[in-house]
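This briefing is meant for a reader who has not met this structure before. Please look over the sequence and the model first, then read the notes grouped by topic below.

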Amino acid sequence: MPIRIQVRMQAQPREWTWEWLREWRQAWPSAKRVLDLTLGSVLLLLAAPLLAAGALALAAQRLPGGVLTRSPRIGLGGHPFVLHSLRTRRLRLDLLSRLPHVVRGDLSLVGPEPLPPDDERARAPGADADTPEIAAATAARHWRQELKPGLTGLAQVRSRSGMPWDEPALLDQHYAEHHWVGLDLAILARAVHTPLRRAIRGLTRHGKAHLSDTDHRRCGYSAAE
């Protein structure tokens, strides 16, 4: 009588390879996405009453295009999306109304300016290459394809310095090559600090008393003296 021998194959444990580590890191959200999701949600919650009041005020005016503007933009990886904004720049409500795009993942809090599809800066180098393979390989290395556009960015907070090295394109490229969470927090702090300082300065100048030439003169002073 033949003897049957059953051999059980034990599953070998998966080796810790660089590919597995890369897949594991991609499965978790990046620190930049965590910052966008948490801080963006908090800002949206705080700004919701102000945005609702602005939308009601615009609705009362019965604008022909509605209370929102809709414009196509190019996002991460060259994928297009429709950007919605309130039709007003008072109190920067147009920027605050874009916070849902941050929570959804179309935008980041900090990043380059979101460009329309017909903007030459939105076209990746190699788009006119001879073969689609070359064009795709070149576009994948283009820095604008590698990160999301943002509500604000390094170019926005340094746009008024007047220095030749502070051109928006150079600043956006510099951010794309060196961005990290600390830089994002610094840019956000600068974006909030600058308009707040201008508002305080405007209030201070508005309430400042202006003395005339005769306010500090002695009684009985005359120009003939």
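In what order do the elements of the protein chain run from the N terminus on? The order is α-α-β-β-α-α-β-α-β-α-α-α, which gives eight helices and four strands. The model is predicted, and the notes start with the confidence of that prediction.

**Confidence**

- The mean pLDDT of the protein chain is 76, and 62% of the residues reach at least 70.
- Among the elements of the protein chain, helix α4 (residues 99-104) has the highest mean pLDDT, at 96, while helix α5 (residues 132-140) has the lowest, at 49.
- Residues 209-219 stay under a pLDDT of 50, and the model gives this stretch two contacts beyond four places in sequence.
- Residues 221-225 also have a pLDDT below 50, with two contacts beyond near neighbours in sequence.

**Overall make-up**

- The protein chain has 225 residues, and 27% of them are buried.
- Taking contacts between residues at least 6 apart in sequence, 60% join residues at least 24 apart.

**The hairpin of β1 and β2**

- Strand β1 (residues 68-74) and strand β2 (residues 80-86) run antiparallel and are joined by seven bridges.
- One of the paired positions is P72, whose bridge partner in β2 is V82.
- Five residues lie between the two strands of this hairpin.
- G77, in the turn, has a positive phi of about 70°.

**Before the hairpin: R62**

- R62 is in the loop between α2 (31-61) and β1.
- The phi of R62 is positive, at about 55°, although R62 is not a glycine.
- With a relative accessible area of 74%, R62 is exposed.

**After the hairpin: R87 and T88**

- R87 is placed in the loop between β2 and α3.
- Is R87 buried, exposed or partly exposed? Its relative accessibility is 37%, so R87 counts as partly exposed.
- Beyond four places in sequence, R87 is in contact with L58, L63, G65, G66, V67, L68 and T69.
- The side chain of R87 comes to 2.8 Å from the backbone oxygen of G66, and a polar atom of that side chain lies 3.3 Å from the backbone oxygen of L68.
- R87 and L68 are 19 residues apart along the chain, and their C-alpha atoms are 5.6 Å apart.
- T88 is also in the loop between β2 and α3 (93-96).
- T88 has a relative accessibility of 15% and therefore counts as buried.
- Outside the residues up to four places away in sequence, T88 touches L58, L93 and D94.

**The nonpolar cores**

- The largest nonpolar core has 18 residues.
- Which residues of this core touch the most other members? They are L107, L109, V110, L151, L154, Y175 and I187.
- At least two residues of this core come from each of β2, α4, β3 (108-110), α6 (154-157), α7 and α8 (181-207).
- Another core, of five residues, lies apart from the largest one, and its members include A47, L51, L58 and L86.
- In soluble globular proteins, nonpolar side chains tend to be buried together.

**Helix α7 and its surroundings**

- The buried residues L171, D172, Y175 and A176 are found in helix α7 (residues 168-178).
- These residues lie on the same side of α7, because they cover an arc of only 140° around the axis.
- An α-helix has 3.6 residues a turn, so residues three or four places apart point the same way.
- Which residues does Y175 contact, leaving aside neighbours within four places in sequence? The contacts of Y175 are K32, V110, G111, L147, L154, L183, D184 and I187.
- L183 belongs to helix α8.
- Not counting residues up to four places away in sequence, L183 touches Y175 and H178.
- The C-alpha atoms of L183 and V110 are 9.1 Å apart, while 73 residues separate the two along the chain.

Key. Residues are numbered from 1 along each chain as its sequence is written. This is a predicted model: local features need pLDDT of at least 70, side-chain atom pairs count only at pLDDT 80 or more; totals for chains, interfaces and linings use all residues. Side-chain values use heavy atoms; hydrogens and water are left out. Two strands pair if DSSP finds at least two bridges between them. pLDDT is the predictor's confidence in each residue, from 0 to 100. Contact means heavy atoms within 4.5 Å. Buried means under 20% relative accessible area, exposed over 50%, partly exposed in between (1.4 Å probe, protein chains only). The arc is that of the directions from the helix axis to the C-beta atoms. A nonpolar core is a set of buried Ala, Val, Leu, Ile, Met, Phe, Trp, Tyr and Cys residues joined through side-chain atoms within 4.5 Å. A polar contact is a pair of N or O atoms within 3.5 Å; within protein, one must be able to donate a hydrogen and the other to accept it, and residues adjacent in sequence count only if both atoms are side-chain atoms.
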